[in-house]
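Biologist: I'm new to reading models like this one. Could you pick one helix and walk me through it slowly?

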Amino acid sequence: MHIDIITAVPEIFNSPLQASILGRAQKNGIVSIQVHNLHNYSPNGRIDDYPYGGGAGMIIRVDVVVAAMRHLQHHRQYDEIIYLTPDGHRLTQALLNRLSLCKALLLIAGHYKGIDERVRHFVTLEVSIGDYVLTGGEIPALVLIDGIVRLLPGALSDASSALEDSFQEGLLGSPLYTRPREFEGLRVPDILLSGNHQAIAAWRAEQSRLRTLLRRPDLNPNLFHDEVPLPPKLAEETASQLGKSGPPSQEEEPS
Ligand code: ADE
């Protein structure tokens with residue numbers, strides 16, 4: 001896969017793209033990622049201007065963004081041209097899965113107040129990473145890239161782990177433990193030490209279902225209808241693991 005990014009602030013991408021799994025995926029030729037400085041596509045170096053109709057903040061000029069896009073499109077055909085914007089389609093695991101099958105993506109990150117509205121005519125997809133406003137589309141672009149690259153074959157050392165993530169199949173992931181076996185009275189569940197792989201897999205599936213029911217029932221309404229009721233002891237156990245007061249409500253801020 002190849003990913004191009006157009007941004008007014010290319011330095012934001014430096015270390016996130018070099019470190020860890022994203023850095024390794026590029027070194028191993030699984031993905032190539034190129035950051036393009038929007039300033040290079042303006043004849044006079046100015047990329048923004050005052051808003052028509054007045055108001056605070058500067059707006060990135062559509063002609064400069066489209067000049068950058070056209071230059072890149074001259075060299076490559078993109079499956080999607082994605083504008084990161086708070087009013088775009090909410091990013092989901094399903095969208096990441098779909099984008100991970102693409103060969104080439106062009107991402108457009110706005111900064112300052114935003115980009116001239118007319119840029120939307122030149123993109124194929126608008127994506128928001130959530131219902132909040134950040135200072136620009138650069139961090140959302142990194143979120144998108146991270147979510148896509150980890151799905152590419154060979155990016156994660158354990159091939160099966162991306163499929164076992166939270167949100168795949170509309171389920172949250174099951175709890176994970178490592179050594180020590182007991183920490184300040186908190187014990188690793190006995191089943192994980194049993195060596196019975198079938199029983200462990202069944203326990204994990206059940207934990208996953210229970211956690212989804214308790215924390216994010218909105219993800220998978222079928223959980224209420226399709227499955228047999230949970231054994232009360234297991235329900236109790238997981239409820240206490242999740243916190244005595246139960247799951248945070250979707251409206252509440254986590255404390
Ligand atoms: N730019 C600023 N905030 C954003 C968000 N939440 N998602 C995508 N792009 C953005």
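Modeller: Sure, here is a close look at helix 2 and then a few other spots.

Keep in mind that this is a predicted model. The mean pLDDT of the protein is 89, with 86% of its residues at 70 or more. One stretch to treat with care is residues 244-255, where the pLDDT is below 50 and the model has four contacts beyond near neighbours in sequence. Where pLDDT is low, you shouldn't read the predicted coordinates in detail.

Now for helix 2, which covers residues 20-27. Its buried residues are Leu22, Gly23 and Ala25. They sit on the same side of helix 2, because the arc they cover around the axis is only 160 degrees. Flip to the other side of helix 2 and you'll find Ser20 and Lys27, which are exposed. So what's covering the buried residues of helix 2? The cover includes helix 1 (14-18) and helix 5. Just past the end of helix 2, Gly29 takes a positive phi of about 75 degrees.

Let's follow helix 5 (138-149) a bit further. In the loop between strand 8 (125-128) and helix 5 you'll meet Leu134. Leu134 counts as partly exposed because its relative accessibility is 38%. Together with Tyr132, Ile139 and Val143, Leu134 forms a nonpolar patch on the surface, with about 350 Å² of accessible area in total.

In the loop between helix 5 and strand 9 (182-183) there's Thr178. With a relative accessibility of 65%, Thr178 counts as exposed. From Thr178 to Leu192 is 14 residues in sequence and 9.9 Å in space, C-alpha to C-alpha.

Methods: Residues are numbered from 1 along each chain as its sequence is written. This is a predicted model: local features need pLDDT of at least 70, side-chain atom pairs count only at pLDDT 80 or more; totals for chains, interfaces and linings use all residues. Side-chain values use heavy atoms; hydrogens and water are left out. Patches are made of residues with over 30% relative accessible area and no salt bridge: like charges are joined within 9 Å, nonpolar side chains (Val, Leu, Ile, Met, Phe, Trp, Tyr) within 5 Å. Accessible areas come from the Shrake-Rupley method with a 1.4 Å probe; for residues, only the protein chains shown count as cover. A salt bridge is a side-chain nitrogen of Lys or Arg within 4 Å of a carboxyl oxygen of Asp or Glu. Helices (H or I, at least four residues) and strands (E, at least two) are DSSP runs, numbered from the N terminus. Buried means under 20% relative accessible area, exposed over 50%, partly exposed in between (1.4 Å probe, protein chains only). pLDDT is the predictor's confidence in each residue, from 0 to 100. Contact means heavy atoms within 4.5 Å. The arc is that of the directions from the helix axis to the C-beta atoms.
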